[in-house]
Amino acid sequence: MFVLELTYTAPVERVDALMAEHITWLDEQYAAGVFIASGRKNPRDGGVILAVGEERAAIEKIAAADPFAAHGVCAYRITEFIATKTAPALTPYRQQLP
């Protein structure tokens, strides 16, 4: 599992100008089963996405395709972790330690 932390690197007006494209990209990743939660940080200086996947390189490629990243209005920090404990609704995403 991965935590994708976005930090805006441009004024929020530039971010807002790309919001519709970003939401379309998010929707595609939800439909593909990659994203399971996302939202704005508070204060609004970026966002957070919870993603599932086996390969970090695949998640990095998805993040690079975000219109925010492609247009240089945010930077990504990607943290991989092993979700050994979850809420009942997230049971399908539980992982075993290697």
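The radius of gyration used here is taken over C-alpha atoms, and the globule rule is 2.2 Å times the number of residues to the power 0.38.

**Figure 1. The whole chain in a predicted model.** The rule puts a compact globule of 98 residues near 13 Å, and the protein has 14 Å, which agrees. Its C-alpha trace spans about 40 × 25 × 20 Å along the principal axes. About 6000 Å² of the protein is exposed, and carbon and sulfur atoms supply 57% of that area.

**Figure 2. Order of the secondary structure elements in the protein.** Four helices and four strands make up the secondary structure. Read from the N terminus, the order is β-α-α-β-β-α-α-β.

**Figure 3. Burial and contacts across the protein.** Of the 98 residues, 33% count as buried. Among contacts with a separation of 6 or more, 65% join residues 24 or more positions apart.

**Figure 4. Helix α2, residues 19–31.** This helix has 13 residues. From first C-alpha to last it reaches 18 Å, close to the 18 Å expected at 1.5 Å a residue.

**Figure 5. The two sides of α2.** M19, H22, W25, L26 and Q29 are the buried residues of α2. Seen down the helix axis, they fall within an arc of 120°, so they line one face of α2. An α-helix has 3.6 residues a turn, so residues three or four places apart point the same way. On the other side of α2, A20 and A31 are exposed.

**Figure 6. The residue G33, just after α2.** Here the backbone takes a positive phi, about 80° at G33.

Terms used: Residues numbered from 1 in each chain as written. Predicted model: local features only at pLDDT ≥ 70, side-chain atom pairs only at ≥ 80, totals over all residues. Heavy atoms only, no water. Expected span 1.5 Å × (residues − 1). Buried < 20%, exposed > 50% of the residue type's maximum accessible area, 1.4 Å probe, protein only. Arc of directions from axis to C-beta. Contact = heavy atoms within 4.5 Å. Areas by Shrake-Rupley, 256 points an atom, 1.4 Å probe, with all protein chains shown as cover.
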